[in-house]
Amino acid sequence: MKNISSITSTNPFPGLRPFGLNESHYFFGRKGQSSAVLELLLQNRFVAVTGASGSGKSSLIYCGVIPALFGGYSKEISSNWKIITTRPGNSPIKNLSRALLDVDESLQDQPGINQKIIHALLNRSSRGLIDQLKQSAHLQKYNHLLIIDQFEELFRYNESRAPETLKEETEAFIKLIVNTIQATEVPVYIIITIRSDFIGECSAYTEFTKYINDSNFLIPKMKRQDYKEAIVGPIAVSGASIEPQLVEKVLNSLTDNSDQLPVMQHALMRTWDVWKDKNTLDKPISVTDFDSAGTLERAISLHANEAYETLSADQKKTCKRVFQTLAVKGAGNRGIRQPAQVNYLAAVCNKSEQDIIDVVNVFRTKERSFLTPGQDVPLNSNSVIDLSHESLMRVWDKLRAWVDEEVASVQMYMRLVEASDLYQKGKGGLWKPPDLHLALNWRKTQQPTLAWAGKHHPAFERVKVFIDASERQFLKEESHKVRLQRRALKRSRAFALVLGVFAITFMSMMFYAYNQKAEADKARKIAEELRQKAEGQKDLEMEKRLQFENLAIMTADSLEKQKKASIEKSKLYENEIQEAKEDVNEVIKEKEEIYERTLIVEQEKEQAEQTAKQAQQMATAAEQDKQQAYQKRLLSIAQSLAVKSQQVTDDNLSALLSFQAYIFNQRYNGVDHNPDVYNSLYDAKSGLMGHDYNGLEGHRGAVRAIEFVPDSEEFYSIGTDGRILQWDLRSSNKAQLLHKNNFINRSLAISPDGKYLACGNDQSTIQLFNLQNPGAAPKILSAHNGWVWALSFSRDGSQLISTGADMRLILWNINDLSHQVVAEHDSRIRSLTFARSGNEFYTADDNGNLLQWDVNGNNSSLLQNNHSIYSISLNSSGRYIAIGDKEGNLKIVNTQTKTVVNQVQAHNARIFDVQFSPQNTFMATSSLDGTIKIWRTSNLQARPIHITRHESWVLSVAFSQNENYLVSSSNKGDLIYVWPTKIDLLANNMCSILNRNLSNSEWNTYIGNDIPYEATCEQLANN
């Protein structure tokens, strides 16, 4: 019976990910290859391990080479090694700086600052890696092995890196490697792993290509026996066993595909889980377990589907679009990985970045590892997400179907791009069914976004207009057909009505003729009666008889004629009715024809006008797109010039590039608070005018506080040298000495009316100066026991609140210098300020409390912060108060609702001072990290101006009353610096310190030969 307790709980197969350093005991199937790699490495100090995707390059390094080094492989070289592991990703030099920070224990006290220092060192020089290792006392006793895994990411991740720095960053990274190999003063050895299909990308770098040719290990394809060891070895180490039939089945299932090793590892990983879940550990892993896991053909697909089914319905849609973005079809119908950043995936999916991260996390757990980076790496907006292996595209059934659907979607989009282009040029028409129905269905089902479309063709807006126009035209034509049918029905009804009228008229005429005939018959009867009466009266005179007969005959003839006339008239009426009917029909027909022709003409005119209008709109839109594209390009060039200006060594060229960057940024509506343009202009001025051109000299040692006189450009400063100096930005750079103490000045406040200056010191006193009589001796306020840390005048200047090392809050009456202890606090108060009301003030302490007090000592909490609050500032309205804490967080608190309305990670270390500008346009923060940041209060999320000139802690900042300047002081150095808050002020006199313009060749190099040349400074155009 097998000892079940000896079976390890850890799955010995890693799946799609490579083996880790702590899994070397599970690594089998590569006998002798570790030694071959080590021989090349120790001989050349460099080796490139190449091979197909999934061939096991990373695992060979981590589980074969490194254990051999630590085991003392070479007697000539110490086995005391530091392993530095990195991957290029989308920021190769930054990732390398993180890796160097991780291995240097002496830099762990301030990781954020130290990483920035390392990054700057690597960027500044191609010997940056050597310099960093040389200056680290902790690392000098080690040999260093730098492993650059997945080196092909340097080329694969091009789309997720900034295009303006892509080529330069790649060249800089490779130069770092080459110079490190060539250097001999530090024992550094370098291994890169790179897919063989990316070797050609390295040929552009001559020296690097030579090293690859001289020291290249092409990892051999595994043989059947190697695969067998990779199956049986890990299971044996884990204390379990496997059926021989299963081993043979796995080996027989292997094909010639290059990805068989990770596919096999994943299938065996799933088989192990099935076997353990059955709780039959006393039995060997069987063929049944392997079949339940899905075998080589289905294991990955089943596992991926299992992860997919854990998602909600909305997450499944997001998942589909994410994988469609990461996997595309290339030449020969071959699947290609296409890495993408989280923010780009969010734009493609029209989801938040957190939605993307939630979906991605499901597929990057240690037991799944379908996506990279692994679960141990936190994700952010700029994290690059990638498929862990190409095999996923080949074996996951859903992904194959998604990719095919994506291909069809792209084809439809490209058809629409072509059709909309022809329509815009007047060479094609709008779409009609069935093409229109296909396009509408594509829009509904695919829901394409601008980010998705931009990857394939930038005409997305034009396509949207084309589809909308086609749909409107189709609906309009359908509506027109309905209107024509209704009009035809109305015409039929009108015709029937006319016929009815004619029929009634005809019947009336017939009835009239019939009445006339009846009258004639009646007259004939009367004549007959008269004749008979005449014959019966034979005695009457013959003349009378004859007279009557003649009368009767005449009457009869007259009636007969009337009858005939009636008949003729009736026939005439019938003919007239028939002719009238025919005339009416002809008129109706002509009217219908005229109406239809008029309708057609109106439709054609309307359509022509609509087409002309759309063409004009599209032409205008195209022109606007062209202008916007040109504008964006020039803004991109401006950004690039700002960065490049800080990299060139020629001071004049640096200044020209920075000023041209400013010109483009202003002309094409760039960000008026652009930090890169600001810093490039400042660096350029420093190069031409001296590094301290904006420095004010007067103190000796740390300058602890600065305060402006309200409604003026004068300010005062205090320092550890005991001096209180007066400065005026309008007159000169020379200071006037107000007073000199023999002790350290600690705090400073000026009354809002500008009459009084209060200075707290380390002698437990406050000196009160009358600025209207600056020669008079100060009045001394004594009540504290210890250093006076902070001061603030009330808004009417009649009161002063102070606090110190004794943690007491003391309220002073300026008129009679009386005082009262408002409260004794239980924690050190770092900062305080009066509210707009003279009866209230705010304090911030080491416990993270932001409190609101009244002058009687009653308090209420505005905020309980997680870290000590070092500085607070109230805006001019009194509605908002800003705090800066120990961890570098900047928060804005609404004093009425007592809620945090905005916050940002401003610095990597404690914030010493935070200030609103007088009109609340800006905020400034200064920090222990030696930097200042100037923020736009309207958008704290935008990048601030970042000033790094100070050599040590920046203790104090203050804005001038017109907000044009910020003054700062530090813990080290004697200078106070004056900084323009607006880029325009910094650029004002640039042409006066330049002596030339850019040459044509410089313009073509840094800006582009297709951008028309212009003189950066017109007054220097002839120079």
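**Exercise 1. Find the loop that holds Pro434, then work out what is unusual about the bond leading into it.**

Start with the position: Pro434 sits in the loop between α18 (397-424) and α19 (435-446). Keep in mind as you look around that this is a predicted model. Now check the peptide bond from Pro433 to Pro434: this bond is cis, with omega near 5°. To see what makes that worth a stop, recall that most peptide bonds are trans.

Next, try another proline. Pro373 belongs to the loop between β9 (371-372) and β10 (384-387). The bond running from Thr372 to Pro373 is cis, and its omega is near 5°.

**Exercise 2. Get a feel for the whole chain: how many helices and strands are there, and what percentage of the residues is buried?**

Count the elements to begin with: the protein chain has 27 helices and 38 strands. Then turn to burial: of the 1023 residues in the chain, 49% are buried. Finally, look at the contacts with a separation of 6 or more: 59% of them link residues 24 or more positions apart.

For a single long-range pair, go to Gln617, which is part of helix α22 (residues 542-645). Gln617 and Gln424 are separated by 193 residues in sequence, yet their C-alpha atoms are 9.8 Å apart in space. With a relative accessible area of 47%, Gln617 is partly exposed.

**Exercise 3. Explore the largest nonpolar core: which residues touch the most other members, and which helix gives the largest share?**

Step one is the membership: this core has 61 residues, and those touching the most other members are Met264, Phe323, Phe363, Leu392, Trp396 and Leu399. Step two is the source: helix α11 (residues 260-277) supplies the largest share, eight residues. There is also a second, separate core of 45 residues, with Ala638, Phe659, Phe664 and Leu966 among them.

Step three is to zoom in on Phe323. Ignoring neighbours within four places in sequence, Phe323 is in contact with Phe363, Leu371, Leu387, Leu392, Trp396, Leu399 and Trp402.

**Exercise 4. Check the length of α11, then see how covered this helix is.**

Take the expected span: at 1.5 Å a residue, the 18 residues of α11 should cover 26 Å. Compare that with the model, where the end C-alpha atoms of α11 are 26 Å apart, so the two agree. As for cover, 14 of the 18 residues in α11 are buried, so you can call the helix mostly covered. Step just past the helix and you meet Asn279, whose phi is positive, about 60°.

**Exercise 5. Do the length check for α14, then describe how α14 meets α18.**

The 14 residues of helix α14 (residues 313-326) should span 20 Å at 1.5 Å a residue, and its end C-alpha atoms are 20 Å apart, which agrees. The buried residues here include Lys316, Thr318, Cys319, Arg321 and Phe323.

Now for the packing: α14 and α18 meet at an angle of about 75°, with their axes 9 Å apart. Angles of 65 to 115 degrees count as roughly perpendicular, so α14 and α18 are roughly perpendicular to each other. On the α14 side the contact is made by Cys319, Lys320, Phe323 and Gln324, and on the α18 side by Leu399, Trp402, Glu405 and Glu406.

**Exercise 6. Classify the packing of α9 against α10.**

Read the geometry: helix α9 (residues 224-237) packs on helix α10 (residues 244-253) at about 130°, with axes 10 Å apart. That angle makes α9 oblique to α10. The crossing of the two, α9 and α10, is right-handed. For the contact, α9 brings Arg224, Tyr227, Lys228, Ile231 and Val232, while α10 brings Val247, Glu248, Val250, Leu251 and Asn252.

**Exercise 7. Look at the backbone of Ser764 and Met807: is phi positive or negative?**

A bit of background helps: most residues other than glycine have a negative phi. Ser764, in the loop between β17 (756-761) and β18 (765-770), has a positive phi, near 70°. Met807, in the loop between β21 (799-804) and β22 (808-813), also has a positive phi, about 60°.

Last step, burial, where the cut-off is under 20% relative accessible area. Ser764 is at 18%, so Ser764 counts as buried. Met807 is at 27%, so Met807 counts as partly exposed.

How values were computed
Residues are numbered from 1 along each chain as its sequence is written. This is a predicted model: local features need pLDDT of at least 70, side-chain atom pairs count only at pLDDT 80 or more; totals for chains, interfaces and linings use all residues. Side-chain values use heavy atoms; hydrogens and water are left out. A nonpolar core is a set of buried Ala, Val, Leu, Ile, Met, Phe, Trp, Tyr and Cys residues joined through side-chain atoms within 4.5 Å. Buried means under 20% relative accessible area, exposed over 50%, partly exposed in between (1.4 Å probe, protein chains only). Helices (H or I, at least four residues) and strands (E, at least two) are DSSP runs, numbered from the N terminus. Contact means heavy atoms within 4.5 Å. The expected span of a helix is 1.5 Å times one less than its number of residues. Axes are lines fitted to C-alpha atoms, for helices over the stretch in contact, and angles run from 0 to 180 degrees between N-to-C directions. Angles under 35 degrees count as roughly parallel, over 145 as roughly antiparallel, 65 to 115 as roughly perpendicular and the rest as oblique. A crossing is left-handed if the near helix is turned anticlockwise from the far one by less than a right angle, and right-handed if clockwise.
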